[in-house]
Each structure stands twice: as C-alpha cells, then as structure tokens.
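I opened this entry to note what I looked up, starting with one pair of packed helices and moving on to the rest of the chain.

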Amino acid sequence: MFAAFNTADGTVIGELHRQHRAAEFKKFLATIDKTVPAGLDIHLICDNYGTHKTPAIRAWLARHPRFHMHFTPTGSSWINQVERWFGYLTDQKIRRGTHRSVQALEKDIREWIADWNTHPRPFIWTKTAEEILESLARYCRRISDAGH
C-alpha cells in the first residue's frame with residue numbers, strides 16, 4: 001500500500017498495489033498529481049526505501065517540479081505522520097478484521113480509507129519541541145551513565 005497523509009487536514013490518498021516497485025510508486029505519484037489542486041506544491045516525506053529513488057522516479061519528479069521529496073533518516077519513521085496513520089489502520093482495521101482473501105482485505109482497507117476521509121483527523125503533537133528535546137536529553141544522560 002502507498003498512502004499520502006495531508007498533515008493539514010488529515011485526509012489520505014491511498015492505493016493498494018500487489019508489488020511496491022518504482023512502476024507502482026510512479027502510478028501513485030500520478031494519482032497524487034491528479035488529486036491535489038494544480039496550484040499547490042506537494043511535499044512528500046518518505047522513508048529511504050530504494051523504490052523512492054530510482055532513475056525512473058527521479059525522471060518523473062524532474063518533469064513534475066511541484067513535487068518535493070524529503071527523506072527521513074533511517075530509523076526515524078516515527079516522525080512521518082503517514083507511518084502513524086498506517087499504525088492506526090493496522091490497529092483499528094487489519095488486526096480486528098477477519099479476511100478470507102487478499103481481495104477481502106483490500107476491500108476493507110479501501111472502505112476504511114473512504115470512511116476515514118469522511119471525517120479526517122490530522123495528528124497533533126502533544127508536546128512542544130523543547131519538551132521532546134529535553135526528554136531525549138534525559139534519556140541520553142541516563143544511558144551514558146549506565147556503566148556499559
């Protein structure tokens with residue numbers, strides 16, 4: 001599955017593909033391009049999956065200058081809000097459901113996305129940047145004093 005999460009309003013553009021190659025990702029980019037109003041720039045925050053960086057994708061992006069790719073550092077997908085949305089999908093639909101076939105699972109996911117988009121919910125940080133950095137600093141102090 002490929003998904004684009006609008007951090008401003010919480011809406012999701014999602015597509016299910018049986019494979020996750022550059023060809024499928026390019027189709028997804030085209031869907032985003034058709035869905036997002038033409039006057040807006042599109043900033044995509046992606047993990048470092050190789051599919052996002054192939055020559056075919058680079059060529060497509062060169063022809064679509066309103067797309068801006070940003071990559072999370074390895075191991076930092078938690079800062080990517082679409083990853084949080086995938087977790088919510090997993091907890092609320094996939095783990096709770098009974099799917100007798102791939103087609104049934106795909107149907108449920110598509111329905112869940114449509115339902116989500118009728119009442120989209122952006123994720124909101126509950127702590128300030130300062131609080132997060134201080135928590136990280138406390139953790140670093142604790143592990144550096146652990147005597148390992």
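I first looked up which residues of H3 touch H4, and found that Trp 85, Tyr 88, Leu 89, Gln 92, Lys 93 and Ile 94 in H3 meet Leu 105, Asp 108, Ile 109, Trp 112, Ile 113 and Trp 116 in H4, where contact means heavy atoms within 4.5 Å. By class this contact has 9 nonpolar, 1 polar and 2 charged residues (Ala, Val, Leu, Ile, Met, Phe, Trp, Tyr, Cys and Pro count as nonpolar, Asp, Glu, Lys and Arg as charged, and the others, Gly among them, as polar).

I should record that this is a predicted model, in which local features need pLDDT of at least 70 and side-chain atom pairs count only at pLDDT 80 or more, while totals for chains, interfaces and linings use all residues. Residues are numbered from 1 along each chain as its sequence is written, and side-chain values use heavy atoms, with hydrogens and water left out.

For the geometry, H3 and H4 (residues 102–118) pack at an angle of about 115 degrees with their axes 11 Å apart; axes are lines fitted to C-alpha atoms, for helices over the stretch in contact, and angles run from 0 to 180 degrees between N-to-C directions. H3 passes H4 in a right-handed crossing, a crossing being right-handed if the near helix is turned clockwise from the far one by less than a right angle, and left-handed if anticlockwise.

I then turned to H1 and H2 (residues 55–62), whose axes come within 9 Å and cross at roughly 20 degrees. H1 and H2 are therefore roughly parallel to each other, a term for angles under 35 degrees. In H1, Ala 22, Phe 25, Lys 26, Leu 29, Ala 30 and Asp 33 meet Ala 56, Ile 57, Trp 60 and Leu 61 in H2, and the residues of this contact divide into 8 nonpolar, no polar and 2 charged.

Next I looked up the largest pocket (an open set of points on a 1 Å grid, where a 1.4 Å probe fits, with protein on both sides within 12 Å along at least five of seven lines). Its lining (residues with an atom within 4 Å of a point) has 33 residues, of which Ala 4, Phe 5, His 43, Leu 44 and Ile 45 lie nearest its centre. S3 gives the most to this lining, with 5 residues.

Last, I noted that the protein chain has 5 helices and 4 strands, these being DSSP runs (H or I, at least four residues, for helices; E, at least two, for strands) numbered from the N terminus.

Terms used
Parallel < 35°, antiparallel > 145°, perpendicular 65-115°, else oblique.
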